[in-house]
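Visitor: I would like a close look at one part of this structure. Please start from a small sheet and the helices around it, and then walk me outward from there in one connected tour.

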Amino acid sequence: MFRRYLVPFKAHRLPHVLTDALVIGGGVAGLRAALAAANCGEQEGRRGDCEVLLLSKTELKESNTYYAQGGIATVMTQQGVEGGGDSFESHIDDTMTVACGLGNLPAVEAVVRDAPSRIEELVACGANFDRAADGSLAVGREGGHSFARIIHALGDATGRELANSLMHAVLKHPNIQTMEHTFVLDLITIDGACAGAIAWQKDRGLFMILARKTLLASGGAGMLYRETTNPPVATADGHAMAFRAGAVTRDMEMVQFHPTTIYIAGATRALVSEAVRGEGAKLIDKNGYRFMPDYHPQAELAPRDVVSRAMLAQMAKTKYTHVFLDARHMSEAAFQERFPGIYQMCVSFDVNPAKQPIPVHPSAHYMVGGAVTNLSGLTSIRNLYAIGEVSNTGLHGANRLASNSLIEALVFGKRAGEHAGQLIAGGDGEASEDLIPPKLSVEIESSSRTELDMADVRSSLRSLMWRNVGIERNGPRLEEATEIIHFWSRYVLDKTFDSPAGWELQNMLQVASLIARAATLRTETRGVHYRTDHPASDNANWQVHIDWQTHRNAPTLTPTAK
């Protein structure tokens, strides 16, 4: 079932907000894009200042960025050092290898080669990255990387430091206005171009934001799964609204699961960074057996999809609900110094990581699929950009290399914001004060179907996705999931809601359907998509992207870029 807009409205009767650039999302992608758009307008100077409005669903800091622990992948030198040093080429090769045949080489090269400059900008912005004894940036190693190239801040609070630094710059910028606790329902499109968005605030109700350029940076979709590292705001809103607006949406079956989250019955799942394994921690089963060397030559530093599946296999072998991360090779003082946040989290669960193994289990972590963009962040819809987890730039392909997400958001945030700012400053389109409210009227018929309990559907959907569309998949279970999601959708997507709880559920159902249908279609194993009934990769038929668009009755299979 498809509906273009979630709620009925008459554009001329709604309050209007006018801006040059609208940024939807307050994570690293949105923050960096807002700064780039605002600064570029100043630099061009031909039309005066570029006004930027940044919206956040809840508080500005409540994003996947803020909770990111591990770090940012970057090569800080342009050439490898003789004797086995790191290089751009090595980072590019590692990224393409983990992408499993679906990576876009130009996007990978752009991110890897732009990365050092983006880090230098953060340092100039006040980001306090951890340093080695000689004053250089301290680096660690994570799964899938050939070298230690992961920079971090405050031990294991890289995302928080990054977000705080960018938020400080955004909040003091004279050309950027922020609105917190603002729910964006839909992107407005007129004649195939994005003209802004319909938004809602509790005390204000519905209102329309008209913008010359819209930058979608709404984050991920972890809340589709019962077990997730994501905060509650990650309900796939951006993926759903981009799809409804007609954007090409790619590789939605590719959902990455993080191998190590604390697993204690009745407790919320809490991420244990891959950097802990990078510092030498080992995965053991309930019998104390280190099992990862049985599954992959890189053992604990294998790509995340490999580690997650190995953990499930070992749990099945031992008939146990979880495995353990053993970091007892580190002293308590050393662990607390390197991973202060994780240490405190473990202690809060009565686990001393220096004295006892940490119980861990995989959880949904990162949405690889999203709205397709070019190297400037532009989607298939004119005037609409997508950046960060809501996008599909081609960097990750079929699997994301550890710590490549923050640097992707920084690189493409700057690229998209700069591109939009340059067009605005150069006179592309009307000035914000000249934007005319569209003659847009949306009517939605009242539903005659029974109302379902939204909380129950949401909980059941998350459990269904975990069981049937999770780490291991097979045809019958995927078809079953698709049928059940379609049944719920008939009774939920036909309703008109007046608060975020209903809109979130509608978004979750639409995106869950895309994931399940794409996973059913891809009859092979590739990257994070693992089919037990098709355990091998099929390059002859499936080294292609699965693209969805609202006006097409079936997905399009697009060959990978050569």
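Guide: Two strands count as paired when DSSP finds at least two bridges between them. With that in hand, and remembering that this is a predicted model, let us begin at strand S4. Two bridges join S4 to strand S6, residues 150-151, and the two run antiparallel. One facing pair to look for is Ala73, which stands opposite Ile150 in S6.

Step back a little and a third strand comes in. The three form an open sheet in the order S4-S6-S5, with antiparallel pairing. Strand S4 (72-73) and strand S5 (139-140) are at the edges with a single partner strand each, so one side of each has no neighbour in the sheet.

From S4 we can move to the helices. Helix H3 spans residues 88-98, and its buried residues are Phe88, Ser90, His91, Ile92, Asp94, Thr95 and Val98. These buried residues pack against both S4 and H4, which makes H3 a handy link on our route. After H3 comes Cys100, where phi is positive, near 55 degrees.

Now follow the packing into H4, residues 105-124, where Val111 has its place. Val111 has a relative accessible area of 1%, so it counts as buried. What does Val111 touch, once residues up to four places away in sequence are set aside? The contacts are Leu395, Ile407, Glu408, Val411 and Phe412. One of these, Glu408, is 297 residues from Val111 along the chain, yet their C-alpha atoms are separated by 6.0 Å.

Those contacts lead straight to the next helix. The axes of H4 and helix H11 (residues 405-425) come within 8 Å and cross at roughly 90 degrees. Angles of 65 to 115 degrees count as roughly perpendicular, and that makes H4 roughly perpendicular to H11. On the H4 side, the residues that meet H11 are Ala107, Ala110, Val111, Asp114, Ala115, Arg118, Ile119, Glu121 and Leu122. They meet Ile407, Glu408, Leu410, Val411, Phe412, Lys414 and Arg415 in H11.

A second long-range link involves Thr560, found in the segment after strand S22 (556-559). At 7% relative accessible area, Thr560 is buried. Thr560 and Leu105 are 455 residues apart in sequence, while their C-alpha atoms are 9.9 Å apart in space. Leaving out residues up to four places away in sequence, Thr560 touches Gly101, Leu102, Gln543, Val544 and His545.

From here, let us widen the view to the nonpolar cores. In soluble globular proteins, nonpolar side chains tend to be buried together. The largest nonpolar core here has 57 residues, and Leu224, Tyr225, Leu461, Val469 and Ile515 touch the most other members. Helix H14 (residues 500-521) supplies the largest share of this core, 11 residues. Take Leu461 as your viewpoint: beyond residues up to four places away in sequence, Leu461 touches Leu224, Ile485, Trp488, Met508, Leu509 and Ala512. Apart from that core lies another, of 51 residues, whose members include Leu35, Ile151, Leu215 and Leu406. Ile151 brings us back to our starting sheet, as S6 covers residues 150-151.

The last stop is charge pairing. Side chains of opposite charge can pair when their charged atoms come close. The whole structure holds 29 salt bridges. One of them joins Arg226 and Glu227, with the closest N and O atoms 3.3 Å apart. Arg226 is partly exposed, at a relative accessible area of 39%, whereas Glu227 is buried at 7%.

Another salt bridge, 3.8 Å from N to O, brings together the side chains of Arg277 and Glu274. These two are three residues apart in helix H7 (residues 274-278), and so about one helical turn separates them. Both Arg277 and Glu274 are buried.

Compare the pair Glu300 and Arg290, whose side chains meet at 2.7 Å, N to O. Both lie in the loop between strand S14 (282-284) and helix H8 (304-318), so their salt bridge ties together parts that are 10 residues apart in sequence. Glu300 is buried, with 3% relative accessible area, while Arg290 is partly exposed at 33%. Finally, salt bridges with shared partners join Lys57, Asp237, Arg458 and Glu504 into one network.

Conventions
Residues are numbered from 1 along each chain as its sequence is written. This is a predicted model: local features need pLDDT of at least 70, side-chain atom pairs count only at pLDDT 80 or more; totals for chains, interfaces and linings use all residues. Side-chain values use heavy atoms; hydrogens and water are left out. Helices (H or I, at least four residues) and strands (E, at least two) are DSSP runs, numbered from the N terminus. A salt bridge is a side-chain nitrogen of Lys or Arg within 4 Å of a carboxyl oxygen of Asp or Glu. Buried means under 20% relative accessible area, exposed over 50%, partly exposed in between (1.4 Å probe, protein chains only). A nonpolar core is a set of buried Ala, Val, Leu, Ile, Met, Phe, Trp, Tyr and Cys residues joined through side-chain atoms within 4.5 Å. Contact means heavy atoms within 4.5 Å. Axes are lines fitted to C-alpha atoms, for helices over the stretch in contact, and angles run from 0 to 180 degrees between N-to-C directions. Angles under 35 degrees count as roughly parallel, over 145 as roughly antiparallel, 65 to 115 as roughly perpendicular and the rest as oblique.
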